[in-house]
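Trainee: I would like a close look at one part of this model, taken slowly. Please start from a single residue and work outwards.

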Amino acid sequence: MSDEFWTIEDFGFTAVNESELDVAKAATTASTSAKEQEEKLKKLHNAVKPLLANLKQNPEKEYILWPNRIAVIEKFESHLADIVYN
């Protein structure tokens, strides 16, 4: 066996006290939460974008014919709620 000196860092970890561990846990949780929120925002954007694109079609027409819109809107509201709250 050689006379090499091994440090804790050689094994891929370091010793920390409890307050440093709490900070590391909070940072990991915040990072995960930020990623989850970013993913939700992307999903919301992708959900609303087709609606806006359809509303922009035929700008020369003053009125939009939208039969059965209550059911469609309620379904869309439910879809948005699933994105935000799940």
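Trainee: Does Ile64 count as buried or exposed, and at what relative accessibility?

Mentor: This is a predicted model, and what follows is computed from it. Ile64 counts as exposed because its relative accessibility is 59%, and the cut-off for that class is over 50%. The residue sits in the loop between α1 and α2.

Ile64 belongs to a nonpolar patch on the surface, together with Leu51, Leu52, Leu55, Trp66, Val72 and Ile73. Together these residues have about 570 Å² of accessible area. Both helices contribute to the patch: α1 and α2, the latter spanning 69–85, each supply at least two residues. The largest share is that of α1, with three residues.

The loop that holds Ile64 also holds two asparagines with an unusual sign of phi for discussion. Asn58 comes just after α1 and lies in the loop between α1 and α2. Its phi is near 50°, a positive value in a residue other than glycine. Asn58 is partly exposed because its relative accessible area is 41%, and partly exposed covers the range between the 20% and 50% cut-offs. Asn68 is in the loop between α1 and α2 as well. Asn68 is not a glycine either, yet has a positive phi of about 60°. With 58% relative accessibility, Asn68 counts as exposed.

Now the helix before the loop. Helix α1 runs over residues 18–56, which makes 39 residues. From its first C-alpha to its last it reaches 56 Å, close to the 57 Å expected at 1.5 Å a residue. Helix α1 also carries a salt bridge, in which the side chains of Lys42 and Glu38 meet at 3.6 Å, N to O. The two residues are four residues apart in α1, about one turn of the helix. An α-helix has 3.6 residues a turn, so residues three or four places apart point the same way. Side chains of opposite charge can pair when their charged atoms come close. Lys42 counts as partly exposed because its relative accessibility is 45%. Glu38 is also partly exposed, with a relative accessible area of 45%. The structure holds one salt bridge, and this pair, Lys42 and Glu38, forms a salt bridge.

Last, the setting for all of this. The chain has two helices and zero strands. Of its 86 residues, 2% count as buried. The chain exposes about 8,100 Å², and carbon and sulfur atoms supply 59% of that area. To return to the starting point, Ile64 is an exposed residue in the loop between α1 and α2, and it is one of the members of the nonpolar patch.

Conventions
Residues numbered from 1 in each chain as written. Predicted model: local features only at pLDDT ≥ 70, side-chain atom pairs only at ≥ 80, totals over all residues. Heavy atoms only, no water. Expected span 1.5 Å × (residues − 1). Buried < 20%, exposed > 50% of the residue type's maximum accessible area, 1.4 Å probe, protein only. Areas by Shrake-Rupley, 256 points an atom, 1.4 Å probe, with all protein chains shown as cover. Patch = residues over 30% accessible without salt bridge, like charges linked within 9 Å, V, L, I, M, F, W, Y side chains within 5 Å. Salt bridge = Lys/Arg side-chain N within 4 Å of Asp/Glu carboxyl O.
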